[in-house]
Amino acid sequence: MSPAQRPNMPEPPPSPSSSSIFALSYLKLQFFARVRRFLQTKRAQKSIKTRTKAMVNKEEQATITTVDRQSSDVDDDSVVLQRSVKKLHFGSWEEKEVAALEIEKLAREDAKMRNLMAELGVILALVGMVASEVAGRQRMAINALIELANGNYKNKALMVEAGIFSKLPKSMDALEEPTRQKFAELILSLSSLANHTQFPLASSEVLPFLIGILESCSSYETKESCLSTLYNLSAVLDNAGPLLSNGAVQTLLRVISEKEFSEKALATLGHLVVTLMGKKAMENSSLVPESLIEIMTWEDKPKCQELSAYILMILAHQSSALRDKMLKSGIVPVLLEVALLGSPLAQKRALKLLQWFKDERQTRMGPHSGPQTARIAIGSPVNNREAQEGKKLMKDLVKQSLHKNMELITRRANATSGDSSKFKSLVISTSSKSLPC
């Protein structure tokens, strides 16, 4: 059969070439690689979810545990409080002591618990324990009351109403030092009620106790607490009378000589000196003005210098007798030194006092503003004689003070160049008018 006569037969498929086989294999590899990455990603996400869930569960469990623990602690505290209150009211003395220790601990750790304790009658029972003659038992009750009073006005008021001041010991000799310190700390806490007149803080029991501690105690903490209490009480004008009648001024004047307590004692005297009775008590004291003038020389205590100068200004106002006493005690040289080297406020007060002394024979005291310059009638023989005596007195005083202190003050003033010029102007202003050529 010739080719032309052959029927049309289908052509066999072409044999795959090497390039097409390679392309197919590559596509398969890509596909499986993507599938593998997808599966790996899913496994990773599943693992992250599992870990996250485990962490959340752990945190939830920790939170639950914490809440349970806190709840357990609250339950424990409630149990302890109930047990302590029962012992305090109905137990033996030994049980009362244990209860006081537990109440002190609970009150220190939980401020809200303090109000609850007061409602359960704890304060009244503890105030009763303070009257015990057993020192250790007494201190336990005071410690618990100190914690109950901490930052709680209502509890402080309840203690005063319960008669805590009437439980104070009448004699200092029988008190141990730790007990004195705790009593002083408690009274200081209660003295924050001083502005409320319904609470008799300056009562006949409190002030003799505080004054007695100040005069017999050597502990720094105890003395500091007593002085702070007197300061709080003296800030109320109505308390000035009881403070003065109990000898507070004389005690404070003795305390000011101790540098570590001087500032608080001077501040308290500053409250009292503005009253007529307080000023009179200081004028009549044998320690005035020498003790105050001595404090003016304390260069390392500028606040004390300021307070001392303030008290001296009030005492010198309208009191020629005390001004003469100050002059005889050598106040002028001290004032010159403070006016040069003191703090700005101390300088201002020292210069004011110097001006008063300079014009002593030529002035009359005004009702409110201190010495005021009076005009001397020219030609009057009496006034001229008085003026000459005044000038001579001031000339002698200033001469003595300048000669005595020139070297000392100049040496100190040379520390800075500015002080030297200031000293020159001070000398001119304090002496030129009263020392005629």
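## A first look at this predicted model

With a relative accessibility of just 1%, Phe183 counts as buried, where buried means under 20% relative accessible area, exposed over 50% and partly exposed in between (1.4 Å probe, protein chains only). The model is a predicted one: local features need pLDDT of at least 70, side-chain atom pairs count only at pLDDT 80 or more, and totals for chains, interfaces and linings use all residues. Residues are numbered from 1 along each chain as its sequence is written, and side-chain values use heavy atoms, with hydrogens and water left out.

**The whole protein**

The protein has 20 helices and two strands; these are DSSP runs, numbered from the N terminus (helices: H or I, at least four residues; strands: E, at least two). Its 437 residues include 42% that count as buried. Among contacts with a separation of 6 or more, 68% are between residues 24 or more positions apart, a contact being heavy atoms within 4.5 Å. About 25,000 Å² of the protein is exposed, and carbon and sulfur atoms supply 56% of that area (Shrake-Rupley method, 1.4 Å probe; for residues, only the protein chains shown count as cover).

**Aromatic rings and charges**

Let us return to the opening residue. The model holds two aromatic pairs, counted for rings of Phe, Tyr and Trp (its six-membered ring) with centres within 6.5 Å; planes under 30 degrees apart are stacked, over 60 edge-to-face, and the rest tilted. One of them joins Phe183 and Phe209 edge-to-face, with 5.5 Å from centre to centre and 70 degrees between the planes. Phe183 belongs to helix α7 and Phe209 to helix α8, so this pair links distant parts of the chain, 26 residues apart. Phe209 is buried too, at 2% relative accessibility.

Charged side chains also meet rings here. Lys96 lies over the face of Trp93, 5.9 Å from the ring centre, while the charged end of Lys264 sits over the ring of Tyr231 at 4.9 Å from its centre. The test asks for NZ of Lys or CZ of Arg within 6 Å of the ring centre and within 35 degrees of the ring normal.

**Helix α16**

Which residues of α16 (320-328) are buried? They are Leu322, Arg323, Met326 and Leu327. These residues sit on the same side of α16 because they span an arc of only 145 degrees around the axis, taken from the directions from the helix axis to the C-beta atoms. Ala321 and Lys328, on the other side of α16, are exposed. Just after the helix, Gly330 has a positive phi of about 80 degrees.

**Three residues and their polar partners**

Arg323, in helix α16, is buried at 5% relative accessible area. Ser191 lies in the loop between α7 (177-190) and α8 (206-216) and is buried as well, at 3% relative accessibility. Arg139, in helix α5 (residues 135-149), is partly exposed at 22%. Leaving aside neighbours within four places in sequence, Arg139 touches Glu176, Pro178 and Thr179. Its C-alpha atom is 7.0 Å from that of Lys182, which is 43 residues away along the chain.

The table lists polar contacts (N or O atoms within 3.5 Å; within protein, one able to donate a hydrogen and the other to accept it, and residues adjacent in sequence count only if both atoms are side-chain atoms).

| Side chain | Partner | Distance |
|---|---|---|
| Ser191 | Leu188, backbone oxygen | 2.6 Å |
| Arg323 | Ala316, backbone oxygen | 2.7 Å |
| Arg139 | Thr179, side chain | 2.8 Å |
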